[in-house]
Amino acid sequence: MSDKEKLEQMKSNLQKIAAQNPQKEVSYQEIFSNSFMQKYTQFANFIFFMKGLKIDDFSKIEKLKSDTLNDFVQKNSHFKTWEEMQQAAVNDYMNSLF
């Protein structure tokens, strides 16, 4: 199967998923699953990751200085930045749908 065909298949699969769940919101717990956290970080789950950052709510991540967050991510995961970690988590989640 060519890359173009794979892309078309993925697009088709995403359209089917969207049709089945038109208003489904995905929580951060689904994106940062326990298996993702255990595989790529030093934490068993995202709750412990937040505790390591000394926060108790996902919305508080946005209030952290990017240097502080990126430094924490680099020291406690396989990623260099928070952005990189988020992208990997989304990719992992999307792959789990197929």
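## Close-up views of a predicted model

**View 1. A88 and its contacts far along the chain.** Setting aside residues up to four places away in sequence, A88 touches F36 and F79. Please keep in mind that this is a predicted model. A88 sits in helix 6, which spans residues 82–96. With a relative accessible area of 21%, A88 is partly exposed; the buried class is for values under 20%. A88 can also be paired with Y40 for a look across the sequence: 48 residues separate the two along the chain, and their C-alpha atoms are 9.5 Å apart in space.

**View 2. Helix 5 and its buried face.** Which residues of helix 5 are buried? In this helix, made of residues 66–76, they are L69, F72, V73 and N76. Looking down the axis of helix 5, these buried residues fall within an arc of 100°, so they line one face of the helix. Turn to the other side of helix 5 and you will find D67 and K75, which are exposed. The cover over the buried residues includes helix 4 (46–52) and helix 6 (82–96).

**View 3. The largest nonpolar core.** This core has 20 residues, and the members that touch the most others are F32, F46, F49, W82 and M85. Where do the core residues come from? At least two are supplied by each of helix 2 (28–31), helix 3 (34–40), helix 4, helix 5 and helix 6. Helix 6 gives the largest share, with 4 residues.

**View 4. W82 and its surroundings.** Here we stay with W82, one of the core residues that touch the most other members. Not counting neighbours within four places in sequence, W82 is in contact with the aromatic residues F32, F46, F49 and F58, and also with I61, L69, N70 and V73. Among these partners, L69 and V73 belong to the buried residues of helix 5.

**View 5. Aromatic rings, as a cluster and as a pair.** How many aromatic pairs are there? The count comes to 15. One of them joins F32 and F36 in an edge-to-face arrangement, with ring centres 6.1 Å apart and planes at 65° to each other. F32 and F36 are both buried. A wider look shows one aromatic cluster formed by Y28, F32, F36, Y40, F43, F46, F49, F58, F72, F79 and W82. F36 and F79, the residues touched by A88 in the opening view, are among the members of this cluster.

**View 6. T41 in the loop between helix 3 and helix 4.** The loop that follows helix 3 and leads to helix 4 is the place of T41. Is T41 buried or exposed? With a relative accessible area of 10%, T41 is buried. Polar atoms of the T41 side chain have backbone partners: the oxygen of M37 lies 2.6 Å from one such atom, and the nitrogen of F43 lies 3.0 Å from one. Leaving out neighbours within four places in sequence, T41 is in contact with F36, N76, S77, H78 and M85. Of these, N76 is one of the buried residues of helix 5, and M85 is among the core residues that touch the most other members.

**View 7. K54 and its backbone angle.** K54 is worth a stop for anyone who likes torsion angles: its phi is positive, about 65°, although K54 is not a glycine. The residue lies in the loop between helix 4 and helix 5. At a relative accessible area of 75%, K54 is exposed.

**View 8. Salt bridges of the model.** The count of salt bridges is 2. One of them links the side chains of D56 and K60, with an N to O distance of 2.8 Å. D56 is exposed, at a relative accessible area of 60%, while K60 is partly exposed, at 35%. A salt bridge also forms between D71 and K75, whose closest N and O atoms are 3.1 Å apart. D71 and K75 both lie in helix 5, 4 residues apart, about one turn of the helix. D71 is partly exposed, with a relative accessibility of 36%, and K75 is exposed, with a relative accessible area of 56%. K75 may look familiar: it is one of the exposed residues on the other side of helix 5 in the second view.

Key:
Residues are numbered from 1 along each chain as its sequence is written. This is a predicted model: local features need pLDDT of at least 70, side-chain atom pairs count only at pLDDT 80 or more; totals for chains, interfaces and linings use all residues. Side-chain values use heavy atoms; hydrogens and water are left out. Buried means under 20% relative accessible area, exposed over 50%, partly exposed in between (1.4 Å probe, protein chains only). The arc is that of the directions from the helix axis to the C-beta atoms. Contact means heavy atoms within 4.5 Å. A nonpolar core is a set of buried Ala, Val, Leu, Ile, Met, Phe, Trp, Tyr and Cys residues joined through side-chain atoms within 4.5 Å. Rings of Phe, Tyr and Trp (its six-membered ring) pair if their centres lie within 6.5 Å; planes under 30 degrees apart count as stacked, over 60 as edge-to-face and the rest as tilted. A polar contact is a pair of N or O atoms within 3.5 Å; within protein, one must be able to donate a hydrogen and the other to accept it, and residues adjacent in sequence count only if both atoms are side-chain atoms. A salt bridge is a side-chain nitrogen of Lys or Arg within 4 Å of a carboxyl oxygen of Asp or Glu.
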